[in-house]
Amino acid sequence: MNIKRFLKASTNIVPLQGLGVIIMVFISISASAQWAFRLPSIISNHAVFQQSTDVKLWGWAQSGSTVKISCSWNPTDTVKAEPRKDWTWETTVKTPKAGGPYSITFISSTQKVTINDIMIGEVWLCSGQSNMEYAFNWESKPIDVGDAVAQSANKELRFFQLSHTFSIYPKDNIEGEWKVSSPETTPSMSIAGYFFGKTLNEKLHVPVGMIASYWGGTCVQSWTPGEVYQQNPALKKLAEDTKPVNWAPVAPSVIYNSMMNPLTKYKIAGAIWYQGEGNTGEPQNYGSLFEGLITGWRKAFGSEFPFYFVQIAPWSGYWKNSSAYLREQQESVLRLPKTGMIGVGDLVDNIKDIHPRIKKEVGMRLVNLALKEQYGVDGINPYFPHFKSISIKKDKVNISFTTSGKLTCKAKTPANFQLAGENNQFYPAVAKIEKNGSITISSKDVQAPVNVRYCFTNDAMPDLFDVNGLPLLPFRTDKVEYKP
């Protein structure tokens with residue numbers, strides 16, 4: 001409607017003092033029409049939808065105004081949705097095999113909206129704290145990415161990045177937009193997330209969308225759905241007892257509410273996660289909290305999607321051996337189905353920097369796990385060597401491992417082993433690689449060994465590697481509890 005024409009016509013038939021009422025009515029009608037139909041920001045131009053499945057579409061519209069939806073990949077099939085009393089609507093559409101670009105048209109009684117340049121492919125969630133957030137444009141430049149930004153133009157790779165927000169109540173929308181990978185858009189993207197998505201695109205030959213929701217310095221408690229705490233009083237108490245910090249909110253669920261809950265209707269293929277540094281103050285609780293996050297996310301998304309995560313890197317600034325205990329807690333979560341963990345103990349350029357600048361390889365190790373387990377790609381061995389068993393004979397301990405071939409040492413002799421007797425006082429041990437691939441260790445300070453540790457400190461970097469170039473994961477055989 002033309003407001004000038006409306007007002008001109010109106011002044012011919014109503015007194016001047018009635019103009020204020022007319023203007024207010026017009027503004028009210030105009031605002032109502034603009035608000036009447038709305039889509040969440042993640043359903044927008046350049047979006048990537050999961051292929052070959054039922055995906056949800058949702059939004060807001062006036063009650064009584066049927067929403068008609070037409071997807072260009074199946075233009076003869078119009079899907080209808082009826083807005084509820086709260087003006088929300090929701091429906092599902094079937095997506096084809098990977099391809100695009102496509103468009104989706106939404107028609108309500110008041111509006112017609114079309115979103116364009118839609119791709120169908122694989123969608124992954126990328127989350128965690130600062131080591132996942134570490135982007136190409138950070139001041140401490142990454143050292144293993146080469147000219148990746150200059151070469152990043154790719155219409156089949158897209159990112160949806162969320163801003164840092166928090167809320168005590170669950171939100172239903174977030175601000176953001178899908179961006180096509182290019183030298184202009186890539187610099188602010190997670191390096192690990194970028195190489196994960198880029199490699200998926202190259203190996204699978206399908207479009208890839210990466211949803212980037214992360215916040216440096218955050219704890220796992222704030223990323224966990226409130227429903228998890230409602231159903232588990234013990235976890236609720238752990239979350240509520242978290243001490244405040246001045247760099248990020250730590251209250252239960254406050255980041256989940258605003259940076260994850262609005263995403264839960266969006267179909268994803270899986271999630272990658274790099275977090276844990278923010279929980280080293282009480283590492284003994286991390287396993288149960290982390291398990292609550294994974295199961296809570298899966299329930300919220302309505303999918304048992306694969307969840308692959310990073311075991312936190314060595315750093316000399318942690319208190320006592322807190323990070324060693326937290327890494328152990330991270331590994332304990334592997335009992336959940338469809339979970340996988342990568343080690344990055346060798347990917348550290350400065351042991352005094354909590355943000356290692358080797359980040360491409362983090363993404364590559366994560367994507368290799370996904371390619372092998374989720375997509376069945378041959379010729380990839382993403383699995384890390386790990387402890388299997390020990391045998392003790394007098395003053396020597398022999399350790400065997402689950403490996404792909406025999407372990408080799410990058411130093412003259414393996415370091416970072418410790419031995420203890422019944423008193424669990426640990427001392428440095430001398431290690432020797434046997435011909436059968438096992439390792440024998442001993443210590444002049446321990447005559448009757450009982451337990452062994454490997455890289456079980458804050459800053460120990462592994463020097464033993466499998467034939468696939470992956471490091472031996474840290475381990476211990478004792479059950480000594482963490483004491484702050």
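The exercises below, each with a worked solution, concern one predicted model.

Residues are numbered from 1 along each chain as its sequence is written. Local features need pLDDT of at least 70, side-chain atom pairs count only at pLDDT 80 or more, and totals for chains, interfaces and linings use all residues, while side-chain values use heavy atoms, without hydrogens and water.

**Exercise 1. Stacked rings**

Task: classify the aromatic pair of Trp124 and Tyr308, and place both residues.

Solution.
1. Rings of Phe, Tyr and Trp (its six-membered ring) pair if their centres lie within 6.5 Å; planes under 30 degrees apart count as stacked, over 60 as edge-to-face and the rest as tilted.
2. The structure holds 32 aromatic pairs. In that of Trp124 and Tyr308, the centres are 6.1 Å apart and the planes make 20°, which is stacked.
3. The pair links distant parts of the chain, with Trp124 in strand β7 (residues 112-128) and Tyr308 in strand β12 (residues 307-310), 184 residues apart. Strands (E, at least two residues) and helices (H or I, at least four) are DSSP runs, numbered from the N terminus.
4. Relative accessible area is 0% for Trp124, which is buried, and 2% for Tyr308, also buried. Buried means under 20%, exposed over 50%, and partly exposed in between (1.4 Å probe, protein chains only).

**Exercise 2. Ser130**

Task: state where Ser130 lies, whether it is buried or exposed, and which side chain it contacts.

Solution.
1. Helix α3 (residues 130-133) contains Ser130.
2. Ser130 has a relative accessible area of 11%, so it is buried.
3. Its side chain makes a polar contact of 2.8 Å with that of His355. Such a contact is a pair of N or O atoms within 3.5 Å; within protein, one must be able to donate a hydrogen and the other to accept it, and residues adjacent in sequence count only if both atoms are side-chain atoms.

**Exercise 3. Backbone geometry**

Task: describe the peptide bond from Gly100 to Pro101 and the phi of Lys320 and of Lys338.

Solution.
1. The bond from Gly100 to Pro101 is cis, with omega near 5°; Pro101 is in strand β6 (residues 99-107).
2. Lys320, not a glycine, has a positive phi of about 50°. Lys320 is in the loop between β12 and α9 (322-332) and is partly exposed, at 46% relative accessibility.
3. Lys338, also not a glycine, has a positive phi of about 55°; the loop between α9 and β13 (339-342) holds Lys338.
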